[in-house]
Amino acid sequence: MRLDVPFDLDFTLCCGQVFRWRKIDGWRYSVIAGNPLKIRQCGAELEFKGVDDKFVTHYFGLNDDLAQIRCCVDRDAYIHKALRSFEGLRLVRQDPWECLISYICATFKSIPAIEQMLLKLSVKFGEKQVFEGQDLYAFPAPEKLAHANLKDLRDCSLGYRAKYVQGTARQVLEGQVDFECLKKLPYLGARTALVEFPGIGLKVADCVSLFSLEKMEAFPVDVWVRRIIMNHYANLLPEDLAKKIASQATLSNGQYERLNAWGREYFGRYAGYAQEYLFHFERTRR
DNA sequence: CGTGGGCCTGTCTA
DNA sequence: ATAGACAGGCCCA
């Protein structure tokens with residue numbers, strides 16, 4: 001497929017938003033919502049197998065007006081540098097179910113560890129699919145995780161997250177959410193629905209909203225974003241709030257809400273894009 | 001409303 | 001090599 005929009009596959013898949021892509025011989029492989037695929041990029045040529053143009057365009061958000069989005073969030077010199085560092089980085093539209101479980105697992109873990117957990121989960125509970133000579137694994141269906149026992153989940157290095165994964169899987173299996181319905185809800189409504197699941201607080205709900213429910217104004221505040229705000233934007237916060245946060249190890253829910261609201265107001269309706277550029281920039285510098 | 005402490009375990013750094 | 005810090009936090013008291 002010939003690209004006529006800015007896009008960078010490597011930046012997009014390596015910026016920390018997705019965890020289940022494997023690189024083999026220059027191709028990137030994954031199974032998205034049950035569809036195995038491989039893809040690679042050479043300049044403006046995007047080459048892939050297993051899925052069609054429509055799938056790729058939707059998953060990678062190629063119809064989103066990236067130039068306009070970047071322009072919208074380009075509010076100061078700092079984010080400007082982040083934007084210039086990663087031309088073509090896009091937010092993908094993840095499968096909501098996979099995204100939900102992935103970010104439950106992501107709490108208090110490093111990215112390599114998260115990738116390991118999700119790989120083990122998929123190998124143990126997901127369906128194996130041989131594709132283009134590679135053994136790939138679909139992300140486990142809700143019933144698989146709902147019926148898994150805690151020991152088997154813990155064997156995937158989930159630790160205390162095992163009971164959250166199991167509990168959330170059970171609620172999903174019982175039909176307590178309709179992800180398509182959540183996509184139609186406003187951002188705050190979707191987030192409110194998500195935090196009802198065990199293991200999902202504000203931060204995880206923001207990630208799921210942003211990465212799979214198309215809420216581009218969602219602004220997840222993790223330890224990195226918190227550091228970025230404190231190091232580069234503290235003077236834009238109320239002084240008492242900045243002082244308080246600087247003196248504490250962890251954010252209270254109220255403080256989280258205030259940083260989250262600040263991000264949405266400052267960066268606007270594509271605040272989530274700003275967050276991802278800043279996050280990746282901060283993590284890769286040095 | 002805010003706060004403190006506990007929690008599983010893989011990675012990375014000193 | 002081995003310890004210790006730190007991980008894209010959440011839950012409960």
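Which helices each supply at least two residues of the surface near DNA strand C? Keep that in mind as you look around this predicted model.

**Stop 1: DNA strand C.** Select the strand and show what lies around it: 29 residues surround it, and the closest are Gly16, Lys109, Ser110, Ile111 and Gln275. Now for the answer: color helix 12 (202–212), helix 13 (223–233) and helix 16 (271–284). By class, this surface has 16 nonpolar, seven polar and six charged residues. On the DNA side, sugar or phosphate accounts for 58% of the strand's atoms within 4 Å of the protein, and bases for the rest.

**Stop 2: three contacts.** Zoom in on Gln17, where a polar backbone atom sits 3.2 Å from a base oxygen of DNA strand C. Hop to Lys109: a polar backbone atom there is 2.7 Å from a sugar or linking oxygen of the strand. Then pick Arg283, which has a side-chain N or O atom 3.0 Å from a phosphate oxygen of DNA strand C.

**Stop 3: the largest pocket.** Select Thr107, Phe108, Lys203, Asp222 and Val223, which lie nearest the centre of this pocket among its 36 lining residues. Its volume is about 980 Å³. Helix 12 is back again, giving the most to the lining with five residues. The lining's classes are 21 nonpolar, nine polar and six charged.

**Stop 4: the second largest pocket.** This one holds about 270 Å³ of space. Pick Phe19, Arg20, Trp21, Arg22 and Leu119, the closest to its centre of 16 lining residues. Next, show strand 2 (27–32), helix 6 and strand 6 (134–137), which each give two or more residues to the lining. Helix 6 has the largest share, six residues.

Technical notes:
Residues are numbered from 1 along each chain as its sequence is written. Chains are lettered from A and ligands numbered from 1 in the order in which they are written. This is a predicted model: local features need pLDDT of at least 70, side-chain atom pairs count only at pLDDT 80 or more; totals for chains, interfaces and linings use all residues. Side-chain values use heavy atoms; hydrogens and water are left out. A residue is near a molecule or strand if one of its heavy atoms lies within 4 Å of it. A polar contact is a pair of N or O atoms within 3.5 Å; within protein, one must be able to donate a hydrogen and the other to accept it, and residues adjacent in sequence count only if both atoms are side-chain atoms. Helices (H or I, at least four residues) and strands (E, at least two) are DSSP runs, numbered from the N terminus. Ala, Val, Leu, Ile, Met, Phe, Trp, Tyr, Cys and Pro count as nonpolar, Asp, Glu, Lys and Arg as charged, and the others, Gly among them, as polar. On a 1 Å grid over the protein atoms alone, a cavity is a set of points where a 1.4 Å probe fits but cannot get out, and a pocket is an open set with protein on both sides within 12 Å along at least five of seven lines; lining residues have an atom within 4 Å of a point. Grid points are joined across faces, edges and corners, and a volume is the space filled by probe spheres set on the points.
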